[in-house]
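Let's take a friendly walk through this structure together. We will begin with a single side chain and work outwards from there.

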Amino acid sequence: MRQSIHGCLQTFKDFSPLADCYNGMTGLKAIANLQPDLVFVVAPLPDRVLGHLIKDAKRKHPAIRIVVVANWTEFAGFARANHKGADGFVSERLLSRELPLILAQYPQLAATWGTRFSPWKTGYGMA
C-alpha cells in the first residue's frame with residue numbers, strides 16, 4: 001500500500017511524501033515537525049492507537065486532513081474511520097483507482113473538509 005501511495009503522489013506536482021512512519025508515535029512526531037496538510041494513515045493499527053493518533057494530531061494541528069487507508073470493506077471502513085475522526089477513508093482494494101481522484105480534486109475540496117466526511121464522493125461520503 002505504501003508504494004501505491006508514494007507512486008501516486010509522485011504523479012502530482014503539488015504533492016510529495018514528507019515521511020514514511022511505521023508506528024503512531026513516530027507519525028505524531030513527523031506531523032509535529034513537518035506540519036503536512038494531508039496525511040495518509042495506513043492501517044492496520046489497533047483501533048485505540050488509530051483513534052489516539054488521529055485525535056492527538058487534530059488537537060495539535062487542527063488544519064491537518066487525515067485519510068485512513070485500510071483493508072476494510074468500504075462501508076465498515078467508512079464508519080470506523082469516521083468514528084475515529086478521520087477526514088476520509090480509502091479501501092485498499094480501491095486504492096489505485098480512488099487515490100488519483102482524491103488528489104486531483106483535493107485543492108478544490110480541502111476547504112469543505114470538516115463540514116462533511118470525505119467530500120470527493122458526495123453520494124455516500126467515502127472513497
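Start at Lys84, which counts as buried with a relative accessibility of 13%. Keep in mind as you look that this is a predicted model. The cut-off matters here: Lys84 counts as buried because its 13% falls under the 20% limit for relative accessible area. Lys84 is part of helix 4. Which residues does Lys84 touch, once those up to four places away in sequence are set aside? They are Asp47, Leu50, Gly51, Ile54 and Lys55.

Those partners lead straight to a helix pair. Asp47, Leu50, Gly51, Ile54 and Lys55 are the residues that helix 3 brings to its contact with helix 4, while helix 4 brings Arg80, His83 and Lys84. Sorted by class, this contact between helix 3 and helix 4 holds 2 nonpolar, 2 polar and 4 charged residues.

How should we describe the geometry of such a pair? Two packed helices are described by the angle between their axes together with the distance between those axes. For helix 3 and helix 4, the axes are 9 Å apart and the packing angle is about 50 degrees. Helix 3 and helix 4 are therefore oblique to each other, because an angle of about 50 degrees is neither under 35 degrees, the limit for roughly parallel, nor in the 65 to 115 range for roughly perpendicular.

Two more residues help to place these helices in space. Gly51 sits in helix 3 and counts as buried, at 6% relative accessibility. Ala81 belongs to helix 4, and Ala81 is buried as well, with 0% relative accessibility. Although Gly51 and Ala81 are 30 residues apart along the chain, their C-alpha atoms are separated by 8.7 Å. Ala81 can also be paired with Asp47: here the separation along the chain is 34 residues, and the C-alpha atoms are 9.7 Å from each other.

Now turn to another partner of helix 3. Helix 2 (residues 24-34) and helix 3 (residues 47-60) have axes that come within 10 Å and cross at roughly 15 degrees. That makes helix 2 roughly parallel to helix 3, and the crossing of helix 2 past helix 3 is right-handed. On the helix 2 side, Gly24, Leu28 and Ile31 take part; on the helix 3 side they meet His52, Leu53, Asp56 and Ala57. By class, this contact of helix 2 with helix 3 comprises 4 nonpolar, 2 polar and 1 charged residues.

Leu28 gives a good view of that contact. This residue of helix 2 is buried, with a relative accessible area of 13%. Beyond its neighbours within four places in sequence, Leu28 is in contact with His52, Leu53, Asp56 and Ala57. With Leu53, the separation is 25 residues in sequence but 6.8 Å in space, C-alpha to C-alpha.

Just past helix 2, have a look at the backbone of Gln35. Gln35 lies in the loop between helix 2 and strand 1. Its phi is near 50 degrees, a positive value in a residue other than glycine. Is Gln35 buried, partly exposed or exposed? Gln35 is partly exposed, with a relative accessible area of 48%.

Next comes the nonpolar interior. In soluble globular proteins, nonpolar side chains tend to be buried together. In this model, the largest nonpolar core has 17 residues, and Ile54, Ile66, Val68 and Trp72 have the most contacts inside it. Helix 2, strand 1 (38-42), helix 3 and strand 2 (65-70) are the elements that give two or more residues to this core. Helix 3 supplies the largest share of the core, 4 residues. A second, separate core has 15 residues, including Ile5, Leu38, Phe40 and Leu95. Back in the largest core, Trp72 touches Ala43, Leu50, Gly77, Arg80, Ala81, Phe89 and Ser91, leaving out residues up to four places away in sequence.

Finally, step back to the whole chain. The protein chain has 5 helices and 3 strands, and from the N terminus on these elements run α-α-β-α-β-α-β-α. The chain has 127 residues, of which 48% count as buried. Among contacts with a separation of 6 or more, 57% are between residues 24 or more positions apart.

How values were computed. Residues are numbered from 1 along each chain as its sequence is written. This is a predicted model: local features need pLDDT of at least 70, side-chain atom pairs count only at pLDDT 80 or more; totals for chains, interfaces and linings use all residues. Side-chain values use heavy atoms; hydrogens and water are left out. Axes are lines fitted to C-alpha atoms, for helices over the stretch in contact, and angles run from 0 to 180 degrees between N-to-C directions. Angles under 35 degrees count as roughly parallel, over 145 as roughly antiparallel, 65 to 115 as roughly perpendicular and the rest as oblique. A crossing is left-handed if the near helix is turned anticlockwise from the far one by less than a right angle, and right-handed if clockwise. Contact means heavy atoms within 4.5 Å. Ala, Val, Leu, Ile, Met, Phe, Trp, Tyr, Cys and Pro count as nonpolar, Asp, Glu, Lys and Arg as charged, and the others, Gly among them, as polar. A nonpolar core is a set of buried Ala, Val, Leu, Ile, Met, Phe, Trp, Tyr and Cys residues joined through side-chain atoms within 4.5 Å. Buried means under 20% relative accessible area, exposed over 50%, partly exposed in between (1.4 Å probe, protein chains only).
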